Amino acid sequence: MLVCLVSSGLLAFVYQATSKQIEINREVEKNRKIKAVLGAETDEIKELEQEGFKYYRGYHNGEFVGTVLESESNGYGGPIKLLVAVDKDGGIMDISVLSHKETPGLGSQIERPKFLGQFRGVSLDILTGKHAAANESGTNGIDTITAATISSNAVIKAAGSALEKFNEVKDAR
């Protein structure tokens, strides 16, 4: 009983001592990824908020580069959180995975550049199969990962949600 009490006390102490630093590290990593999805030329990032929703605008020499939105969808192992950079025309510039709990070696392949690179230039109409650039079967042309279809579809859904949200905030100042 005493061992359990001491162990739980130590665990609570370590959690308290490290939780703020863990949160700071997450924020630093998120900011690094925001800059990465906007591109190296981005020299200014502004955090904006509309109706409780935070998003980021990137600029280079005062010129608009793109908007970054956080998006989330449930994968096989739980929530998949993304950062989606969108250009002024509503096309995806780049995507970065913020967090996931997908199966290592299978669902975790959603982080691979080969998979995420398929989204570059994709618009909401293409993702939903409503544009001529969608293939003949009316699908979005994104190849899902073999044995990780749920994870792949969660990324597709989250990217689509980000593009829908972009349409709501694109004209906001």
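## A strand with two hairpin partners

Strand 2 is mostly covered, with six of its eight residues buried. This is a predicted model, and strand 2 is a good place to begin looking around it. On one side of the chain, strand 2 forms a hairpin with strand 1; strand 2 also forms a hairpin with strand 3. Helix 1, which covers residues 2-38, adds a nonpolar surface patch to the picture.

**Strand 1 and strand 2**

- Strand 1 spans residues 44-50 and strand 2 spans residues 53-60.
- These two strands run antiparallel, and seven bridges join them.
- If you would like a pair to find in the structure, try Lys-46, whose bridge partner in strand 2 is Arg-57.
- Two residues sit between the strands of this hairpin.

**The turn at Glu-51**

- Glu-51 lies in the loop that links strand 1 to strand 2.
- Its phi is positive, at about 50°, although Glu-51 is not a glycine.
- Is Glu-51 buried or exposed? Glu-51 counts as exposed because its relative accessible area is 79%, and the cut-off for that word is over 50%.

**Strand 2 and strand 3**

- Strand 3 covers residues 63-74.
- Strand 2 and strand 3 also pair in the antiparallel sense, here over six bridges.
- One pair to look for is His-60 with Glu-63, its bridge partner in strand 3.
- This hairpin, too, has two residues between its strands.

**The turn at Asn-61**

- Which residue in the turn between strand 2 and strand 3 has a positive phi of about 50°? The residue is Asn-61, which is something other than a glycine.
- Asn-61 lies in the loop between strand 2 and strand 3.
- With a relative accessible area of 61%, Asn-61 is exposed.

**A nonpolar patch on the surface**

- Leu-2, Leu-5, Val-6 and Leu-10 together form a nonpolar patch on the surface.
- The accessible area of these four residues adds up to about 420 Å².
- Leu-5, one of the patch residues, lies in helix 1.
- Why does Leu-5 count as exposed? Leu-5 does so because its relative accessibility is 59%, and exposed means over 50%.

**To take away**

- Strand 2 pairs with strand 1 through seven bridges and with strand 3 through six.
- Each hairpin turn holds a residue with a positive phi of about 50°: Glu-51 in the turn between strand 1 and strand 2, and Asn-61 in the turn between strand 2 and strand 3.

Technical notes:
Residues numbered from 1 in each chain as written. Predicted model: local features only at pLDDT ≥ 70, side-chain atom pairs only at ≥ 80, totals over all residues. Heavy atoms only, no water. Helix = DSSP H or I, 4+ residues; strand = E, 2+ residues; numbered from the N terminus. Buried < 20%, exposed > 50% of the residue type's maximum accessible area, 1.4 Å probe, protein only. Patch = residues over 30% accessible without salt bridge, like charges linked within 9 Å, V, L, I, M, F, W, Y side chains within 5 Å. Areas by Shrake-Rupley, 256 points an atom, 1.4 Å probe, with all protein chains shown as cover. Salt bridge = Lys/Arg side-chain N within 4 Å of Asp/Glu carboxyl O. Pairing = 2+ DSSP bridges.
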